[in-house]
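Please look over the sequence and the three-dimensional structure shown here, and then follow the text from one region to the next.

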Amino acid sequence: EFPNLHTLNRVALENSQYKGKTYAIIRPRAVARGGVIIRSDWMERLGLKLPETADEGYELMVAFATQDPDQNGKDDTYGLMSYDGFSRDFLAWFGAPNEWKVEDGRFIRDAETPEYLEGLKFVKRLYDEKLINPNFAIEDRNVARKGLYTHKVGVSVEAFDAVVPFYYSQAEEFGSSFEFTVAAPINGRSFGGAGYLSAFMMPKSSVKTEDDLRAILRFFDAQRSPEGVEKFRQLLLDNAAKPVEEQFNVDDLRQFLVNEVLVYPYGDSEVDRMIRERMEANNEVAVGNPAFKYISPTYVERGGELDTILDDAAIQFVLGQIDEAGFHAAVQKWKDAGGSKVAEELAALYNE
């Protein structure tokens, strides 16, 4: 009866369902906002193309670190900027689960899979070959980011919509001039988050009849129609063209939208179109976390401790402080400390 409400992102819909049924209309957000951001002027100068695979991403970073992309005659550039550790996107490239996967009704943590270890080996290779900033594990975000607008580094893995405009604004402040582009999903995969922020529910105490319910659903369905989406987009463009003092607060509009007009950049600039296209591509192939909708009592009680065991082991492996045996020992420590119990609790909820 309301076909446009079926077009919400599949990962976001699954995340919002209870026992496979939908009880609310979600307010959509980007399922997968981030990916590979690249200095396109460096890429073009070196005759390179947008990477589509992990190998191509690696070759791009090698070229940025070794082929003098800024043409200053100095060996002073590197491939990848990272901070507070490394992006989980690298693990997605190698087929790792998004934190958990379900196999024969059992929950298996990402760190238990060979694909996760392959992703760690890739990041370790970047570190060993000095293609990533050496203090990535503890580097402050704002310190690390300076490399991108002071011509020191050519690749970052961050949120497209928030970060690309930020870097352009910083370039102006520092008197720099450069161009960014963003890659399509590497190896055709990205990790998804919730994909929504709260939802609309229709309790019988306030929505008295099915006619009332259908009227509300028609309103939401119309928002997601092609015509509705275009009208909201034009409203936003018209608003942005007004003097600041005459503009309405865009966040007020965001409160009741169930379409994606404000999920992606809505402008007509080349940068806006490029970011919108790449974000949509990432959302289409996003891998969901099957544990997202379940609450494990053990994880509620000990989640911080458990996550720290695995996070520390991943960084230690990349830095060469532990080998594969040491990493597997850390995974066993995680299991013994409550990880196995969390997996059991999630499986019980999943199999109800």
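**Cavities and overall form**

The residues that line the second largest cavity divide into four nonpolar, one polar and two charged. This cavity belongs to a predicted model, and its lining consists of P28, R29, R254, L257, N259, L262 and V263. Its volume comes to about 50 Å³.

How many cavities of 30 Å³ or more does a search of the whole structure find? The search finds two, and the largest of them holds about 60 Å³ of space. Thirteen residues line this largest cavity, and among these 13 the closest to its centre are G35, W93, P185, I186 and N282. Two elements, β2 (34–39) and α4 (89–93), each supply at least two residues of the lining, and β2 gives the most, with three residues. Sorted by class, the lining of the largest cavity has seven nonpolar, four polar and two charged residues.

From the cavities we can step back to the chain as a whole, whose secondary structure comes to 13 helices and 10 strands. The radius of gyration of the chain is 23 Å, which is close to the 20 Å that the globule rule gives for 352 residues, so the chain is as compact as a globular protein of that length. Taken along the principal axes, the box filled by the C-alpha atoms is roughly 70 × 60 × 30 Å. When contacts with a separation of 6 or more are considered, 75% of them are between residues 24 or more positions apart in the chain.

The division between inside and outside can also be put in numbers, since buried residues make up 46% of the 352 residues in the chain. The chain exposes about 17800 Å², and carbon and sulfur atoms supply 50% of this area.

Two residues in loops deserve a separate look for their backbone angles. K19 lies in the loop between α1 (10–16) and β1 (25–28), and its phi is near 50°, a positive value in a residue other than glycine. Is K19 buried or exposed? With a relative accessible area of 56%, K19 is exposed, because the limit for that class is over 50%.

E99 is found in the loop between α4 and β4 (100–103), and its phi is near 70°, again a positive value in a residue other than glycine. The relative accessibility of E99 is 27%, so E99 counts as partly exposed.

How values were computed. Residues are numbered from 1 along each chain as its sequence is written. This is a predicted model: local features need pLDDT of at least 70, side-chain atom pairs count only at pLDDT 80 or more; totals for chains, interfaces and linings use all residues. Side-chain values use heavy atoms; hydrogens and water are left out. On a 1 Å grid over the protein atoms alone, a cavity is a set of points where a 1.4 Å probe fits but cannot get out, and a pocket is an open set with protein on both sides within 12 Å along at least five of seven lines; lining residues have an atom within 4 Å of a point. Grid points are joined across faces, edges and corners, and a volume is the space filled by probe spheres set on the points. Helices (H or I, at least four residues) and strands (E, at least two) are DSSP runs, numbered from the N terminus. Ala, Val, Leu, Ile, Met, Phe, Trp, Tyr, Cys and Pro count as nonpolar, Asp, Glu, Lys and Arg as charged, and the others, Gly among them, as polar. The radius of gyration is taken over C-alpha atoms; the globule rule is 2.2 Å times the number of residues to the power 0.38. Buried means under 20% relative accessible area, exposed over 50%, partly exposed in between (1.4 Å probe, protein chains only). Contact means heavy atoms within 4.5 Å. Accessible areas come from the Shrake-Rupley method with a 1.4 Å probe; for residues, only the protein chains shown count as cover.
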